[in-house]
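Trainee: I am new to this structure and would love a close look at a single part of it. Could you take me through the part I point to, step by step?

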Amino acid sequence: MAVFEVVTIGDPVLREKAKVVQRFNANLGRLIDDMFETMHAAQGVGLAAPQIGISKRVVVIDIGKGPIELVNPEIVEAEGVETDEEGCLSVPKYHHPVERSYRVRVKGQDRHGNPVEIAGEGLLARALQHEIDHLEGILFVDRIPPEAMAEE
C-alpha cells in the first residue's frame, strides 16, 4: 500500500466534479486500500479520491466503527439539521461549524461493483456528506459565510 500526498485548497482537482467509476478491477481495489492508508496516516476520518489528486467518485470513511468504502455514492435521503465543527485534510488547520443533515441514506457500490446502501446519523452522516461534497467539487468552506474565512 502507498500513502499519497493530500492536495490542499487551491488545487484545481478539488473544484472538479469527479468522474464516475466504470471499471471495477484490481486497480480500483488498490486505490481504495491506498486511500485508507493515506487517511489513517493523516489522522483523518474520511477521504475522497480528489483529495489525492484523482478525479474518481470514490470515498473512504472510518469514524472508529470500521472502514466504509463507497464507489459512485449518492445521497438518496436526508433529514434533520445539525451544526457541528468540521475540518478537512485539504484545508489544513482550519475548523468551523457547518450545518448538515443529521441523518442520511447513501447508495453506491463497493470495490467489486456490488450495490451498497448505508444509513448514518451524527458524525457518520456528516462524514458521508462531507466526502460526497468533494466528489462534486465542493469544500466545507463553501458552506460557511465568506467572512468567517477572513477571520481566521
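Which residues lie nearest the centre of the largest pocket, and how many residues line it?

Mentor: Happy to. A word on the ground rules comes before the tour. This is a predicted model, in which local features need pLDDT of at least 70 and side-chain atom pairs count only at pLDDT 80 or more, while totals for chains, interfaces and linings use all residues. Residues are numbered from 1 along each chain as its sequence is written, and side-chain values use heavy atoms, with hydrogens and water left out.

Now to your pocket. Val45, Gly46, Gly87, Cys88 and His130 lie nearest its centre, and the lining has 19 residues. The term needs a little unpacking: on a 1 Å grid over the protein atoms alone, a pocket is an open set of points where a 1.4 Å probe fits, with protein on both sides within 12 Å along at least five of seven lines, and lining residues have an atom within 4 Å of a point. The volume of this largest pocket is about 340 Å³, where a volume is the space filled by probe spheres set on the points, and grid points are joined across faces, edges and corners.

Three elements each give two or more residues to the lining of the largest pocket: strand 4 (82-88), strand 5 (91-100) and helix 2 (123-135). Helix 2 provides the largest share of that lining, with five residues. Helices (H or I, at least four residues) and strands (E, at least two) are DSSP runs, numbered from the N terminus. Sorted by class, the lining of the largest pocket holds seven nonpolar, seven polar and five charged residues. In this scheme Ala, Val, Leu, Ile, Met, Phe, Trp, Tyr, Cys and Pro count as nonpolar, Asp, Glu, Lys and Arg as charged, and the others, Gly among them, as polar.

Some of these residues also appear in a record. An unreviewed UniProt entry lists Cys88, His130 and His134 under "binding site". These three are spread over 47 residues of sequence, yet they cluster in space, with a largest C-alpha distance of 10.3 Å. From this set, Cys88 and His130 belong to the lining of the largest pocket. Please keep in mind that UniProt positions are given in the numbering used here, feature names are shortened, and annotations may be inferred rather than shown by experiment.

Let us take those two lining residues in turn. Cysteine 88 sits in strand 4. Its relative accessible area is 10%, so cysteine 88 is buried; buried means under 20%, exposed over 50%, and partly exposed in between, using a 1.4 Å probe and protein chains only. Not counting residues up to four places away in sequence, cysteine 88 touches Gln51, Tyr94, His130, His134 and Phe140, where contact means heavy atoms within 4.5 Å.

Histidine 130 belongs to helix 2. At a relative accessible area of 7%, histidine 130 is buried. If neighbours within four places in sequence are left aside, histidine 130 is in contact with Glu86, Gly87, Cys88, Arg100 and Phe140.

Helix 2 has another residue worth pausing on. Glutamate 131, also in helix 2, is covered by the annotation "active site" in the unreviewed UniProt entry. Glutamate 131 is buried, with a relative accessible area of 4%. Leaving aside neighbours within four places in sequence, its contacts are Gly46, Leu47, Ala48, Gln51, Val59, Val60 and Ile61.

Let us finish with charged pairs, since the whole structure has 14 salt bridges. Each is a side-chain nitrogen of Lys or Arg within 4 Å of a carboxyl oxygen of Asp or Glu. In one of them, glutamate 121 and arginine 103 meet at 3.2 Å, N to O. Glutamate 121 lies in strand 7 and arginine 103 in strand 6, so this pair ties together parts that are 18 residues apart in sequence. Glutamate 121 is partly exposed at 42% relative accessibility, and arginine 103 is partly exposed too, at 33%. Beyond that pair, salt bridges that share partners join Glu82, Glu86, Arg100, Arg126, Asp133 and Arg143 into one network. Two names there may sound familiar: Glu86 and Arg100 are among the contacts of histidine 130, which brings us back to a residue listed nearest the centre of your pocket.
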